[in-house]
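Here's a quick look at how two chains meet, plus a stop at one residue. Have the structure open as you read.

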Number of protein chains: 2
Amino acid sequence: MMDVCTLGTGGAIPLPERALSSLDVRVGGRCLLIDCGEGTQVQLRKLGWGFKCVDALLLTHYHADHCGGLPGFLLSMTKADRLEPLHLYGPPGLRRVVEALCVIAPALTFPLVLHELPLGESRFGAIGLDITAFPLNHGMPCLGYCLSLSRAPEFDPARARALEVPVKLWRHLQAGETVEVSGRVIAPAQVTGSPRRGIRLLYATDTRPVEAIARLGAGADLMVLEGMYGDDDKLPQALKNHHMLFREAAALAAESGAKRLLLTHLSNCIDDPAPYLPLARAVFPETETAQDGMTVTLRYPD
Amino acid sequence: MMDVCTLGTGGAIPLPERALSSLDVRVGGRCLLIDCGEGTQVQLRKLGWGFKCVDALLLTHYHADHCGGLPGFLLSMTKADRLEPLHLYGPPGLRRVVEALCVIAPALTFPLVLHELPLGESRFGAIGLDITAFPLNHGMPCLGYCLSLSRAPEFDPARARALEVPVKLWRHLQAGETVEVSGRVIAPAQVTGSPRRGIRLLYATDTRPVEAIARLGAGADLMVLEGMYGDDDKLPQALKNHHMLFREAAALAAESGAKRLLLTHLSNCIDDPAPYLPLARAVFPETETAQDGMTVTLRYPD
């Protein structure tokens with residue numbers, strides 16, 4: 001199970017009910033954030049969630065609307081006496097940006113572990129997820145992230161009993177470890193069924209459409225894409241500012257065979273996104289627009 | 001007339017209903033801010049106020065809870081195509097901090113004019129106010145600000161008529177200029193009464209009590225002081241973290257002969273400040289605790 005919460009859904013300029021970019025992803029009691037726009041720490045508090053379980057922060061790029069909340073977030077963690085390391089991931093320039101922002105958040109009580117990612121595709125792991133970072137097209141270094149939660153093959157008690165594996169050793173096999181029973185080595189594959197599909201989430205904001213979104217997001221349970229501009233008439237602005245229209249994001253979701261699309265990073269010019277939603281749904285019916293604090297729970301398929 | 005609005009009243013850590021430090025001061029259609037904590041730009045929007053009339057930003061010190069909103073504020077002004085310069089004032093280190101924060105707010109459309117103030121007392125002017133910066137005691141360079149709006153002496157039409165000054169020249173005399181009437185030079189003092197008291201506002205957060213607060217704030221129309229801790233039992237924390245108790249702030253207001261005290265920069269541990277207010281009012285009855293978006297209008301005395 002994976003819980004995904006759009007903490008902030010405003011694009012570029014915040015509104016009272018739309019904080020700047022941040023997505024919260026929770027798996028097994030641990031949490032990572034993608035981006036940390038101004039207001040992120042307050043959005044977490046509104047949900048009654050602490051910062052303690054946040055293990056990692058993935059930054060897409062280094063504009064204030066995506067990382068302006070970082071120094072305040074770090075300072076608040078320090079005031080809460082955090083000791084556990086925080087892992088930061090982002091495109092080239094990460095160290096320079098974090099060191100600059102820490103000028104106003106000095107003397108942290110916990111270590112920052114910086115992982116500067118290349119601008120091509122790269123893979124890493126955090127909070128039990130297999131993550132692929134991939135380049136976007138925003139006129140500056142900018143990354144999207146595809147997060148996969150794998151699922152262990154189904155455990156077959158009948159096969160375990162047939163091999164005379166004591167019940168107390170089952171959990172080791174379920175966890176993917178081999179066990180020894182009366183001198184025989186039993187591997188997990190001997191007591192489990194065929195591989196099962198996990199959960200996939202793809203996140204990409206601040207970009208023109210790129211092929212990697214549809215490719216990496218193939219069959220995704222959820223795509224969270226930017227919907228900076230609703231109206232098709234805004235294409236010239238979208239091209240100029242390297243953003244997407246609702247319809248363009250929906251076309252990527254349709255191409256990928258994703259199950260569901262959430263549009264976020266809405267321009268402050270969009271008071272109410274409802275009138276533009278049909279433009280996206282005409283291309284990909286399972287489209288919704290995100291709101292601050294909206295949570296989607298993604299479950300393994302039955 | 002001077003309008004003062006506590007945009008953000010949270011100390012150190014924000015709460016959903018308490019943004020981080022920022023005070024908005026408006027005089028004659030122009031505006032200055034003192035501090036720009038995370039959330040400042042949203043607080044301005046909530047009030048329906050734009051950024052265009054903000055001429056100056058005075059920073060007290062360089063902790064994220066006091067200047068974390070700066071990069072987002074600058075970026076939003078740029079997205080609104082601001083062209084007018086923005087004047088920034090702050091203690092030593094201003095250039096280093098602003099340059100660091102601008103790493104995530106590059107390519108501004110308007111000039112930043114930096115005024116690095118000394119750590120002693122200094123005077124400067126902004127939006128028609130005479131401002132005194134003065135050092136506080138926060139264990140790091142930190143300034144308080146005393147803002148004075150002077151009032152022109154009353155114009156006496158009878159004296160102007162007696163001197164045969166044509167009515168069309170009166171506005172020059174009212175503005176403090178000399179005029180010439182049939183070869184005679186008439187000075188403002190010849191047609192105005194005695195000096196009149198103006199309006200004074202003193203702002204000091206993040207400090208232990210210092211004598212300059214009571215001295216410079218003598219007879220102030222409004223003091224806005226930190227009330228980081230409500231309960232007297234918190235004195236050890238106040239001493240350790242260089243902050244004040246409600247009672248200590250009230251004692252400074254009483255000593256200064258100020259008319260009114262507003263306590264801001266409330267600790268996130270104070271859910272409701274009401275139970276602690278009597279501690280301050282016992283010392284200085286005209287004490288209130290600030291809330292986000294609270295506006296106080298200060299008028300010239302009749």
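How many residue pairs are in polar contact across the interface of chain B and chain A?

## Basics

This is a predicted model, where local features need pLDDT of at least 70, side-chain atom pairs count only at pLDDT 80 or more, and totals for chains, interfaces and linings use all residues. Residues are numbered from 1 along each chain as its sequence is written, chains are lettered from A and ligands numbered from 1 in the order in which they are written, and side-chain values use heavy atoms, with hydrogens and water left out.

## Where B meets A

The rule finds 6 such pairs, both residues at pLDDT 80 or more; a polar contact is a pair of N or O atoms within 3.5 Å, and within protein one must be able to donate a hydrogen and the other to accept it, while residues adjacent in sequence count only if both atoms are side-chain atoms. On the chain B side, helix 1 (40-46), helix 2 (64-67), helix 3 (70-79) and helix 4 (94-101) each give two or more residues (helices are DSSP runs of H or I, at least four residues; strands are runs of E, at least two; both are numbered from the N terminus).

About 2,700 Å² is buried between the chains, 70% of it from carbon and sulfur atoms (accessible area, 1.4 Å probe, lost on being put together, summed over both parts). In chain B, Glu38(B), Arg45(B) and Ile104(B) lose the most area to chain A, together 24% of what that side buries.

## A look at Thr289(B)

Thr289(B) sits in strand 17 (residues 287-289) of chain B. Thr289(B) counts as buried because its relative accessible area is 16%, and buried means under 20% (1.4 Å probe, protein chains only).

Beyond its neighbours within four places in sequence, Thr289(B) is in contact with Phe246(B), Leu262(B), Leu263(B), Pro273(B), Leu277(B) and Met294(B) (contact means heavy atoms within 4.5 Å).

Terms used: Buried area = accessible area lost by both parts, 1.4 Å probe. Buried < 20%, exposed > 50% of the residue type's maximum accessible area, 1.4 Å probe, protein only.
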